[in-house]
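Here's a model I'd like to walk through at the bench-side level. Let's take it as a string of questions and answers.

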Amino acid sequence: MTVQPWVWFATVGVLMAILALDVLVIGRRPHEPSMRECTTWIGMYVGLAVLFGFGVLHFAGGRYAGEFFAGWITEYSLSIDNLFVFLVILTRFGVPRKYQQTALLIGIILALVMRGIFIALGAAAINTFAWVFYLFGAILIYTAVQFVRGGNDHDSDYKENALIRWAKNHLPATDQYNGVKLTLVENGKRLATPMLLVMIALGTTDLLFALDSIPAIYGLTNEPYLVFAANVFALMGLRQLYFLIGGLVTRLVYLPIGLAVILSFIGVKLILHALHENNLPFLNGGEPLKSVPDIGIAVSLSVIVGTLLVTTVASLAKSRRAEHREQQEEPARSGRSTD
């Protein structure tokens, strides 16, 4: 896929302009967005992503359009799971509800920066070292195992890292929020507000998320342009999604298992591709193993969409049964308390 420099610049410019508009909306009036506002923004972002995918279909063909859609859906699913960890961070630091979307937006901007760096590094590594596919595949399979082991206990997924502990111990700080500002002046002394620690926590967490998401997307496409676009579209609208689905996110009890299946599949796909293009001297004499199957994008897209559909339906069914059971048990508990 050949992408002219002007197309790169135009794409980055348009996407950054949309993000800047989002920033201006929040900067003008920090608030908890309404259901209508969230739905409008998410609908716009999803519509733009779909429109972009059809543009790729028109100009580059079905293969690359399929790669974009597979990458976007995978990254979007991983981003939804990341909302759990964001929720834990915002809760632990006691961020007021009306300031949460500002914190989330800054976290998303940091994520874009982190992923941009890793996209560039990933592309350079792939072009220089073919064996990096083995490494990416191993990372994804390891991450899938961690998803299964961790389950829905996202509270334990987040642990304060060394940078946050250093900031807490060495920065002059206050427990008082000063709107969305990172510092305030108290008795003539400038102090860090909890919002600064929230930014550090979100930034370092985004760094860890990038280590998982970038190998996943490179398992579906080798085109840096599509990798970049899929990541940007997956992150846009994430803060609105945080407020829109709220309790629904906690109902997706099987999401970690679904993501584990998807990441395992992509990890195996990467390793098979690495074997198919092998140049490691100690494996098959440095020659490619042409008999190894190379999984196509149509199969990949089917597995990703199918897994997410089954995961969502099963999760909502389980949550509905649990709610029904609680409703049936509530009268019995009320009767015992009366006695």
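Q: Which residue of S2 is the bridge partner of Leu184?
A: Keep in mind that this is a predicted model. S1 covers residues 183–186 and S2 covers residues 189–192, and the two strands pair in the antiparallel sense. For Leu184, the partner across in S2 is Leu191.

Q: And what is the bridge partner of Thr183 in S2?
A: Strands S1 and S2 are joined over four bridges. One of the bridges involves Leu184 and Leu191. For Thr183, the partner is Ala192.

Q: Which residue takes a positive phi in the hairpin of S1 and S2?
A: The hairpin has two residues between its strands. A phi near 55° turns up there, and the residue that takes it is Asn187.

Q: Is Asn178 buried or exposed, or something in between?
A: Asn178 sits in the loop between helix H7 (162–170) and S1. Its relative accessible area is 28%. Buried would need under 20% and exposed over 50%, so with 28% Asn178 comes out as partly exposed.

Q: Which residues is Asn178 in contact with, leaving aside neighbours within four places in sequence?
A: Pro194 is 16 residues along the chain from Asn178, and their C-alpha atoms are separated by 8.9 Å. Contact here takes heavy atoms within 4.5 Å. With those sequence neighbours set aside, the contacts of Asn178 are Thr183, Leu184 and Thr193.

Q: Does Leu208 count as buried or exposed?
A: Leu208 has its place in helix H8, residues 194–218. From its C-alpha to that of Ala111 is 9.8 Å, although the two are 97 residues apart in sequence. The relative accessibility of Leu208 is 53%, and the cut-off is over 50%, so Leu208 counts as exposed.

Q: What about Tyr218, buried or exposed?
A: Tyr218 is also found in helix H8. Leaving out residues up to four places away in sequence, it touches a set that includes Ile119, Ala123, Phe133, Val227 and Leu270. Its relative accessibility is 1%, and under 20% is the mark for buried, so Tyr218 counts as buried.

Q: How far apart in space are Tyr218 and Gly122, C-alpha to C-alpha?
A: Gly122 is among the residues that Tyr218 touches. In sequence the two are 96 residues apart. In space, C-alpha to C-alpha, the distance is 7.9 Å.

Q: Which residues lie closest to the centre of the second largest pocket?
A: The second largest pocket holds about 560 Å³ of space. Its lining has 20 residues, and helix H1 (5–28), helix H2 (35–60) and helix H9 (224–235) each give two or more of them. Closest to the centre are Val7, Thr11, Phe52, Phe59 and Tyr225.

Q: How many charged residues are in the lining of the second largest pocket?
A: The nonpolar residues in that lining number 16. Another four are polar. As for charged residues, there are no such residues, so to speak: none.

Q: What share of the residues in the protein chain is buried?
A: The protein chain has 13 helices and two strands. It exposes about 17,000 Å², with carbon and sulfur atoms supplying 65% of that area. Out of 339 residues, the buried share is 46%.

Conventions:
Residues are numbered from 1 along each chain as its sequence is written. This is a predicted model: local features need pLDDT of at least 70, side-chain atom pairs count only at pLDDT 80 or more; totals for chains, interfaces and linings use all residues. Side-chain values use heavy atoms; hydrogens and water are left out. On a 1 Å grid over the protein atoms alone, a cavity is a set of points where a 1.4 Å probe fits but cannot get out, and a pocket is an open set with protein on both sides within 12 Å along at least five of seven lines; lining residues have an atom within 4 Å of a point. Grid points are joined across faces, edges and corners, and a volume is the space filled by probe spheres set on the points. Ala, Val, Leu, Ile, Met, Phe, Trp, Tyr, Cys and Pro count as nonpolar, Asp, Glu, Lys and Arg as charged, and the others, Gly among them, as polar. Two strands pair if DSSP finds at least two bridges between them. Buried means under 20% relative accessible area, exposed over 50%, partly exposed in between (1.4 Å probe, protein chains only). Accessible areas come from the Shrake-Rupley method with a 1.4 Å probe; for residues, only the protein chains shown count as cover.
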